[in-house]
Amino acid sequence: MSRNTSDIYKASINILGSCVTRDIFFTHHNDGGYRIFQYVNFFSPISLCEGPVSIDLERYNSSDFSEYATSFRKRCVMHDLTKQSIDYIAQKKTDWLILDTGLFRRNLCLLGDKKQTCFAEKEDFLKYLSKQKIIPEIVGEISIEDISDEDLEKRMRFFIDKILSMYPVENIVLIEAKNSLIKADKSGNISGFDDVDYHMIENNRMSRCYKLMKNMLQGCHIIPMPENVVADAGHRLGLSPLHYTMGYYDYALSVFDCIQKKLPIEKEQSYIQKLFDKCNMDYAGKYFSALADSYINLSKQKNQSELKKIYKKCKKLIGR
């Protein structure tokens, strides 16, 4: 996965997370000077404890699914179905393991009479696999909102224990990811997402799991999510509330560079706070006028409470 052409790099990294983390490095020259070894996406950490899904691996591996999935997605889905995502990560020992909360934004897809589960991403691909009888029939979803706190904590603990068997907590970086509720086009014009309500549901899922992970990974490094991050309609992977403008990736790489220095924790946290505040200020200054000009249009959409909070915070930050 790495684009590094030299053996000289700052540190080696494995990623167990969404495109948010991969793009922190991909958007910078030579991956920001780091070496990315293993990268797993489209994976449900909280279904890891349930055991593998019944799958015809011979047909899966020999079939061409290019209409439904890239080779990368095909591999990640296979690891999710067979519950081998952690095993894949473990194949390469690295300096750092990076996790992000984007993996928790989706519900669990429910399969067959045995009620096996997997990550409910790109359901068209899963439907095709089911239709071809490569995996069991899709019989529904398990809503993360319906998973009790006790059950979710048990599921998360199983996942975290697997991680901690591979990496000491001080070599783990946790990234807080959130859906942006507003997007910017190439001209900097701001507009809200049409499905703000659903994006908020996903944010609540990620926030709930983030709190659990922080508690279970005390002593890990944190890259917090700034409040004013804007999604990029021109992102290389297309429009998504998790595909941010470049300001976020510059911020997150700077934070990781700070973590890489292995400063005393007080100094690290102080420096990260300064980067966090600067990122918020930069976003507020750059997009405030466009946000103000289009605010009337934004207010016509559903669930405007969060958008109003963003507007007020931007206004407060730059003193207008």
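The expected span of a helix is 1.5 Å times one less than its number of residues. The exercises below apply this rule and others to a predicted model.

**Exercise 1. Determine whether the span of helix H3 agrees with its number of residues, and state how far the helix is covered.**

Solution.
Step 1. Helix H3 comprises residues 71-82, and the twelve residues should span 16 Å at 1.5 Å a residue.
Step 2. The end C-alpha atoms of H3 are 17 Å apart, which agrees with the expected span.
Step 3. Eleven of the twelve residues of H3 are buried, and the helix is therefore mostly covered. Among the buried residues are Phe72, Cys76, Val77, Met78 and Leu81, and also the residues Arg73, Lys74, Arg75 and Asp80.
Step 4. The cover over these buried residues includes S2, H2, H4, strand S4 (108-111), strand S5 (116-119) and H5.
Step 5. Just after H3, Lys83 takes a positive phi of about 60°.

**Exercise 2. Apply the span rule to helix H8, and describe the place of H8 in the largest nonpolar core.**

Solution.
Step 1. The 15 residues of H8 should span 21 Å, and the end C-alpha atoms of H8 are 21 Å apart, which agrees.
Step 2. The buried residues of H8 are Tyr248, Tyr249, Tyr251, Ala252, Leu253, Val255, Phe256, Cys258 and Ile259.
Step 3. The largest nonpolar core has 44 residues, and those with the most contacts inside it are Ile13, Phe25, Ile223, Tyr244, Tyr248, Tyr251 and Phe256. Helix H8 (residues 246-260) supplies nine residues, the largest share of this core.
Step 4. Tyr251 serves as an example: leaving aside neighbours within four places in sequence, Tyr251 is in contact with Ile223, Pro224, Pro226, Leu275, Phe276 and Cys279.
Step 5. Another core, of 32 residues, lies apart from the largest one and includes Tyr88, Leu103, Phe104 and Ile144.
Step 6. Just after H8, Lys262 takes a positive phi of about 55°.

**Exercise 3. Classify the aromatic pair of Tyr34 and Phe256, then that of Tyr68 and Tyr128.**

Solution.
Step 1. A search of the whole structure finds 16 aromatic pairs.
Step 2. The ring centres of Tyr34 and Phe256 are 5.0 Å apart, and the planes stand at 75°. Planes over 60 degrees apart count as edge-to-face, so the pair of Tyr34 and Phe256 is edge-to-face.
Step 3. This pair links distant parts of the chain, 222 residues apart: Tyr34 belongs to the loop between helix H1 (19-26) and strand S2 (35-40), and Phe256 to helix H8. Both residues are buried.
Step 4. The ring centres of Tyr68 and Tyr128 are 4.4 Å apart, with the planes at 25°. Planes under 30 degrees apart count as stacked, so the pair of Tyr68 and Tyr128 is stacked.
Step 5. This second pair also links distant parts of the chain, 60 residues apart: Tyr68 lies in the loop between helix H2 (57-62) and helix H3, and Tyr128 in helix H5 (residues 123-131).
Step 6. The relative accessible area is 25% for Tyr68 and 23% for Tyr128. Each value falls between the limits of 20% and 50%, so Tyr68 and Tyr128 are partly exposed.
Step 7. Tyr68 and Tyr128 belong to one aromatic cluster with Tyr60, Phe65 and Phe125.

**Exercise 4. Decide whether Thr94 is buried or exposed, and identify its contacts.**

Solution.
Step 1. Thr94 is found in the loop between helix H4 (85-90) and strand S3 (96-100).
Step 2. Buried means under 20% relative accessible area. Thr94 has 5% and therefore counts as buried.
Step 3. The side chain of Thr94 reaches the backbone oxygen of Trp96 at 2.9 Å, and a polar contact of 2.5 Å joins the side chains of Thr94 and Tyr167.
Step 4. Not counting residues up to four places away in sequence, Thr94 touches Ser12, Ile13, Asn14, Phe37 and Tyr167.

**Exercise 5. Describe the phi values and the exposure of the loop residues Asn30 and Lys133.**

Solution.
Step 1. Asn30 is placed in the loop between H1 and S2, and its phi is near 55°, a positive value in a residue other than glycine.
Step 2. With a relative accessible area of 23%, Asn30 is partly exposed.
Step 3. Lys133 is found in the loop between H5 and strand S6 (138-142), and its phi is near 60°, again positive in a residue other than glycine.
Step 4. The relative accessible area of Lys133 is 69%, and Lys133 is therefore exposed.

Methods: Residues numbered from 1 in each chain as written. Predicted model: local features only at pLDDT ≥ 70, side-chain atom pairs only at ≥ 80, totals over all residues. Heavy atoms only, no water. Core = buried A, V, L, I, M, F, W, Y, C linked by side-chain atoms within 4.5 Å. Buried < 20%, exposed > 50% of the residue type's maximum accessible area, 1.4 Å probe, protein only. Helix = DSSP H or I, 4+ residues; strand = E, 2+ residues; numbered from the N terminus. Contact = heavy atoms within 4.5 Å. Polar contact = N/O pair within 3.5 Å; in protein donor to acceptor, adjacent residues only side chain to side chain. Phe/Tyr/Trp six-rings, centres within 6.5 Å; stacked < 30°, edge-to-face > 60°.
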